[in-house]
Structures are given as C-alpha cells and as structure tokens.
Amino acid sequence: MTASVAVVGAGPAGSTLAALLAGAGIDTVIFHAARGPKHCGGGIPPRAFDRMPLLRRLAAPRADACRISFFAPGAGAAPSIELPRPISVFDRAAFDRALRGEAEAAGARLVAEGVRRIERRGSSWAIEAGGKAWRAGFLAGADGATGIVRRLLSTPFSAEALSLCAGYYLAPPEPGRISIGFVGGAASYAWLFPGPSAASAGIVAPLAGSRGERLRRRLRAWLEASHPGVRFDWSRPYAALVPTPGLRAGRVGGGGWALAGDAAGLADPATREGIYYSMRSAALLARCIVRSRPAAYPALLRLLLLGWHGQTLLARRLFFTETGVERFVCALRSRPAARRAAGRFIAGPPGCGRFALDFLISSLRAGE
Ligand SMILES: Cc1cc2nc3c(=O)[nH]c(=O)nc-3n(C[C@H](O)[C@H](O)[C@H](O)COP(=O)(O)OP(=O)(O)OC[C@H]3O[C@@H](n4cnc5c(N)ncnc54)[C@H](O)[C@@H]3O)c2cc1C
C-alpha cells in the first residue's frame, strides 16, 4: 500500500496536517494508535481561532470561560479578570475525534493502527502498522513527545526539556471560570479548566526533581483551600509529559521527513500550552509540502519558534520566580488597570512585550 505522505499520529498536529494535505489533493495516509485518552487541559486561547480556520469550524463541544482568577501563596487570591474574549475549553477526546473527522472528510486515509516499524528504503519509507506494509515518499512524525519518528530520526528529549503534569478530572465546581494557582514552586503552576463535561485540574513543573504524587498533594491542598465547601472527587487522577525545550528543539526535519507538534517540542515553555503550536506547525509543514519545498520547513519553523517563544523565555526568567508571581498577583489584587492589561494579554494578541509595558505603566500610575 502506498501514499505520497504518511503521517504518524492523529492528535492536533497529525490530523491538521492530514486534513490540509489531503485538502490540497496530496495522497495522504494517517496512522492513529488508540492509546486511551490524551491527558490535557483542553484550553485554547482566542488567538488560536484567529489563525486557524480549521479550529473555527470544528464541531466539537466546548465550554467558554470568560473569567480567570490567579492565586499565589504570598499574595492570596486576586479578583477574577474579565476576559475580552473567552478561552475555549474542549473535551480532548471529542476534539481529537472531530479533527480526525476533518482529515477523513478532506480525503486522507485513516488507518486505526499504531506504527510499529519505520525503515528508509532508497528514496521512500517502509512503514509497518497493524501487520501491513506501507510505502510513502514523505514521513511526518506527529506522534507526540515520545513517538517513534523522533526516536528514530532526531534526539529524544532530555529530562530538562520535559515538564510533568499531574492532576485529576473533576466535576467543574464553577463553570465559566478558570483558576490558576502558583503553588508548585519555581516554573510551576496549577490550573482548573472547566470543560463541557468535566474540569481538568492539574499542576505542571519541570520533570527534573518532580514527583507526580507530591505535585498532586499541592494541587489538592490549593483546590480545597480555594473552593471551601466543595467536595472534590479525587478518583480520576492522571499524569503525563509535555515537551518544552524552548528554542532547543533539536532536529525537526531532514531528507524526506519532518516532525510537528509535541514531537518537535513546540509547547509554550511557560504555560505549556501546545495545541495551537501543534496545529500551526502542521499548517506550516503542509504549506511546505504542497509547494514542493519540504526542506524549507525546519528553518521556517525555527523562525516561527523565535517569534512564539523568544519573549516567553525571557518572561519566564523574569516572571516565573516565587517573588515574580507574588508581585503579579498583588498587582492584580490592587490595580484594575493591571487586571485589564492581563485580560488583554491572555485574550491576545498583544504579546508579552506589550503586556510588560502596560503592566509597567499601570504600576507607575499607581506610584509603585
Ligand atoms: C496534562 C496536560 C495538560 C495540557 N493542557 C493543555 C491545554 O490546556 N492547552 C493546550 O493548548 N495544550 C495543553 N497541553 C499540551 C497539549 O496537550 C499538546 O501540546 C498537544 O496535544 C500536542 O499535540 P500533538 O498532536 O503534537 O501530539 P499528541 O496530542 O500527543 O498526539 C499524538 C498522537 O499520536 C499517537 N501516536 C503515538 N505513537 C504512535 C504510533 N506509533 N502510531 C500511531 N499513532 C501514534 C498518539 O496516540 C496520539 O494520538 C497539555 C498537556 C498535558 C500533558
């Protein structure tokens, strides 16, 4: 069985890529290993809808959150920020299903089998999935942080390039409001995202030195303190990795192959948000393949990465410290202008630079 392009993995990156390639008339096969649910907060900011038409027309249930509140141990809780545009929270399994449906509707062939072996044979790829052999001219790895394509053709992520997320799925205690708590130490935060059928509560921290159970204990303590009177059901725990190498993503493409999404290590190094970047990298790769210039993809992706994460990495150094987040939450508590600036930034654009400026101006006006 043959195809021009074989896409391994049918998450946001793989399904977006397959939908765009097949939509442009390229013979595409996409392999989907059903490995249980993808653990995720399912939160997608409004700027993603601006840039990805596929996302705008996606028929998947979502719950829009128009308010967000922040908490830091030394500062307490700030009043909720009203967002000028909502953050959409999806049920991740339904979201992935809908995107796979888009890929199939565009004409991609979906093979519901995991890829077991990949081998270079001359100028094409021999791929084995579900006991069957495939041949493809181009290989796209969209199979996540620990996928087979990255392991074969690039370097695995080091512990320093990975973050650990641990949490629970819960009944949403307050629909429409996202909560963020800086309760896990440096470069860490906890979240509560109320989705359409359940809320994802989680806490993320750099993998090195983190233990899932210890993180979950902090998460439980924060949720119980911030929602007095709510009885949480802790029976659905999860833990998962998200790759956050920042600008050091390693090789993301070469002769006849490329990586997209988590396989390429594109999640935001501070928030660890990755769905948008997975879809954007897939859209870029699709454009390069359709224009018969796949070799341009790695350099173009690096340029995009610089724009996406350059400012974030700087902000992470300055802001994601214990005193930095405390100051931020204190400012949100005391200054409506700081809350407005944060709301505009979260609903985005503008980016970090404009936010820092707005924030500084609001503190100068307040005489701080
Ligand atoms: C707990 C947690 C919470 C998160 N919350 C958010 C959030 O709120 N918002 C956000 O934007 N991002 C969030 N992220 C990050 C986001 O989930 C990822 O960045 C995103 O899913 C990456 O998409 P992807 O398509 O690259 O990879 P994935 O979503 O990992 O998809 C890869 C797919 O490939 C399949 N696969 C793997 N190996 C094979 C194989 N050999 N053959 C065939 N298929 C294979 C897998 O089964 C999977 O379906 C979160 C991550 C975690 C861990």
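Leaving aside neighbours within four places in sequence, Pro37 is in contact with Arg92 and Ala93. This is a feature of a predicted model. Pro37 sits in the loop between strand E2 (28-31) and E3. Its C-alpha lies 9.9 Å from that of Ala94, although 57 residues separate Pro37 and Ala94 in sequence. Pro37 counts as partly exposed because 13 other C-beta atoms lie within 10 Å, and a residue would need 20 or more to count as buried.

**Domains and their contact**

The domain assignment divides the chain into domain 1 (2-56 + 91-158 + 245-316), domain 2 (62-90 + 159-243) and domain 3 (318-365). The centres of domain 1 and domain 2, taken over C-alpha atoms, are separated by 27 Å. Their contact takes 22 residues from domain 1 and 26 residues from domain 2. On the side of domain 1 that touches domain 2, E3 and helix H4 (92-106) each supply at least two residues. H4 gives the largest share of that side, three residues. By class, the side of domain 1 that touches domain 2 comprises ten nonpolar, seven polar and five charged residues.

**The shell around the ligand**

The ligand is surrounded by 40 residues, and the closest are Gly9, Gly11, Gly41, Gly261 and Gly274. Two or more residues of the shell come from each of helix H1 (12-23), strand E3 (43-44), strand E15 (237-243) and helix H7 (275-290). Sorted by class, the shell around the ligand has 19 nonpolar, 15 polar and six charged residues. Both domain 1 and domain 2 contribute to this shell, with at least three residues from each. Two of the elements named here recur below: H7 in the nonpolar core, and E15 as a pairing partner of E11.

**The largest nonpolar core**

The largest nonpolar core has 115 residues; those that touch the most other members are Ala6, Leu17, Ala136, Ala140, Ala260, Ala282 and Leu285. H7 provides the largest share of this core, ten residues. Ala140 shows what such a position looks like in detail. Not counting residues up to four places away in sequence, Ala140 touches Val5, Ala6, Val7, Val8, Leu17, Ala258, Ala260 and Leu285.

**Strands E11, E13, E14 and E15**

Strand E11 (residues 162-170) is largely enclosed by the rest of the structure, because eight of its nine residues are buried. Strand E14 (residues 199-206) is also largely enclosed, since seven of its eight residues are buried. E11 pairs with E14 and with E15, while E14 also pairs with E13 (residues 189-194). The pairings are set out below.

| Strand pair | Sense | Bridges | Facing residues |
|---|---|---|---|
| E11 and E14 | antiparallel | eight bridges | Leu164 opposite Ala205 |
| E13 and E14 | antiparallel | six bridges | Trp191 opposite Gly202 |
| E11 and E15 | antiparallel | seven bridges | Leu164 opposite Leu241 |

Leu164 thus appears in two rows, standing opposite Ala205 in E14 and opposite Leu241 in E15. Further along the pairing with E14, the bridge partner of Tyr168 is Ala201. E13 is joined to E14 by a hairpin through four residues. In a regular strand the side chains alternate between the two faces of the sheet.

**Two residues with positive phi**

Arg272 is not a glycine, yet its phi is positive at about 70°. This residue is placed in the loop between strand E17 (257-259) and H7. With 18 other C-beta atoms within 10 Å, Arg272 is partly exposed.

Ser292, also a residue other than glycine, has a positive phi near 55°. Ser292 lies in the loop between H7 and helix H8 (297-319). Is Ser292 buried or exposed? Ser292 counts as exposed, because it has 8 C-beta neighbours inside 10 Å, and 12 or fewer is the limit for that class.

Terms used
Residues are numbered from 1 along each chain as its sequence is written. This is a predicted model: local features need pLDDT of at least 70, side-chain atom pairs count only at pLDDT 80 or more; totals for chains, interfaces and linings use all residues. Two strands pair if DSSP finds at least two bridges between them. A residue is near a molecule or strand if its C-beta atom, placed from the backbone, lies within 6 Å of it. Ala, Val, Leu, Ile, Met, Phe, Trp, Tyr, Cys and Pro count as nonpolar, Asp, Glu, Lys and Arg as charged, and the others, Gly among them, as polar. Domain bounds come from an automatic or database domain assignment. Two residues are in contact if their C-beta atoms, placed from the backbone, lie within 7 Å. A nonpolar core is a set of buried Ala, Val, Leu, Ile, Met, Phe, Trp, Tyr and Cys residues joined through C-beta atoms within 7 Å.
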